[in-house]
Amino acid sequence: MSQAAAASAGSLPILSDRYLDPHAYPDGVAFLDGQYLPMSQAKVSVLDWGFLHSDATYDTVHVWDGRFFRLDLHLDRFFGGLEKLRMTIPFDRDGVAKILHNCVALSGHRAAYVEMLCTRGASPTFSRDPRQAINRFMAFAVPFGSVANAEQLRSGLKVAISDKVRIPPASIDPSIKNYHWLDLVRGLYDAYDRGADTALVLDFNGNVTEGPGFNVFCVKDGKLSTPAAGVLPGITRRTVFDLCAEASLSAVATDVSVAALKTADEVFITSTAGGVMPVTTIDGAPIAGGKVGAITQRLMALYWKRHDDPAWSSPVHYP
Ligand SMILES: *Cc1c(COP(=O)(O)O)cnc(C)c1O
């Protein structure tokens, strides 16, 4: 029986298999409405502006070997986003840090992907005025995930350059970490169609910006560069700058053209979800003979080595 026929027969088919909860949630713990819950129970209303209008900001920090990495910087960025979006939450920095800590401790994960987020929320009257909405803070800890899998970390990612343009910074301030991902998701599908693992998206001038949840660097003659504008100032990107300063490597934020990227000696991407990750193919052509470069390897090692440095990390106290 068709859906229309079922409706006219007075028996709407509201519970087909398609609508059943698949119970396929990652193992983890969420904080929502004052409670800690298993991931499978952490749900939001369909009337939430975060869902209906992508009106939200978030941040992701990771826990590696039982320690948060650079949590202060993630909290700075999250609270900066809240302020720019005129959102308020009933917790200060210490309150949010404590909630994140509890999510991880209760989950038991020693390697975790930890997200804090705030949506515009919903209003009791479904008002169209965002000022009427009650902002909603949530957080969760699930197992650590990476943009690149183990094999891609070893041999490098294949990247396709999307022919669509990244949403411009004049429309959406990219320093507010956000869920406006339609350009990035379209880039991913284009990349898969072309046999690549992931995508990089350009700006209106044809310069490289970023990819789905990561920044990009290229290395030429021992010097590093990364796009300056139209990107989220990633904390892994910032960490690469810090590591370069310590290792006396030159690193600058500037315009990066497609030609510069394709003729680079080395290319890598950076994200909290995976750290420093090598790229060895762009649009089907090998970068630097298709091998993971020496500077990339060095930065990958330095990056993970710093995860137990007390200046950059803090312990989770598991029950
Ligand atoms: C999160 C994100 C990044 C990477 O930022 P990190 O702080 O290094 O994780 C880059 N670009 C976009 C669009 C992002 O959402």
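**A chat about the ligand and its pocket**

Student: Hi! Where does the ligand sit?

Tutor: The ligand sits in the largest pocket. A pocket is an open set of points on a 1 Å grid over the protein atoms alone, with protein on both sides within 12 Å along at least five of seven lines. "Sits" says that more than half of the ligand's atoms lie within 2 Å of the pocket's grid points. This is a predicted model, where local features need pLDDT of at least 70, side-chain atom pairs count only at pLDDT 80 or more, and totals for chains, interfaces and linings use all residues. Residues are numbered from 1 along each chain as its sequence is written, and side-chain values use heavy atoms, leaving out hydrogens and water.

Student: OK, which residues come nearest to the ligand?

Tutor: Of the 14 residues around the ligand, those are Lys-177, Glu-210, Ile-235, Thr-236 and Thr-272. Being near takes a heavy atom within 4 Å.

Student: How does Thr-236 meet the ligand? And Ile-235?

Tutor: A side-chain N or O atom of Thr-236 is 2.6 Å from an oxygen atom of the ligand. For Ile-235, a polar backbone atom is 2.7 Å from a ligand oxygen. Both are polar contacts (pairs of N or O atoms within 3.5 Å).

Student: New topic! Which domains is the chain divided into?

Tutor: Domain 1 (23-143) and domain 2 (150-307), with bounds from an automatic or database domain assignment. Their contact (heavy atoms within 4.5 Å) takes 22 residues from domain 1 and 21 residues from domain 2.

Technical notes
Polar contact = N/O pair within 3.5 Å; in protein donor to acceptor, adjacent residues only side chain to side chain. 1 Å grid on protein atoms, 1.4 Å probe; cavity = no way out; pocket = protein on both sides within 12 Å on 5 of 7 lines; lining within 4 Å.
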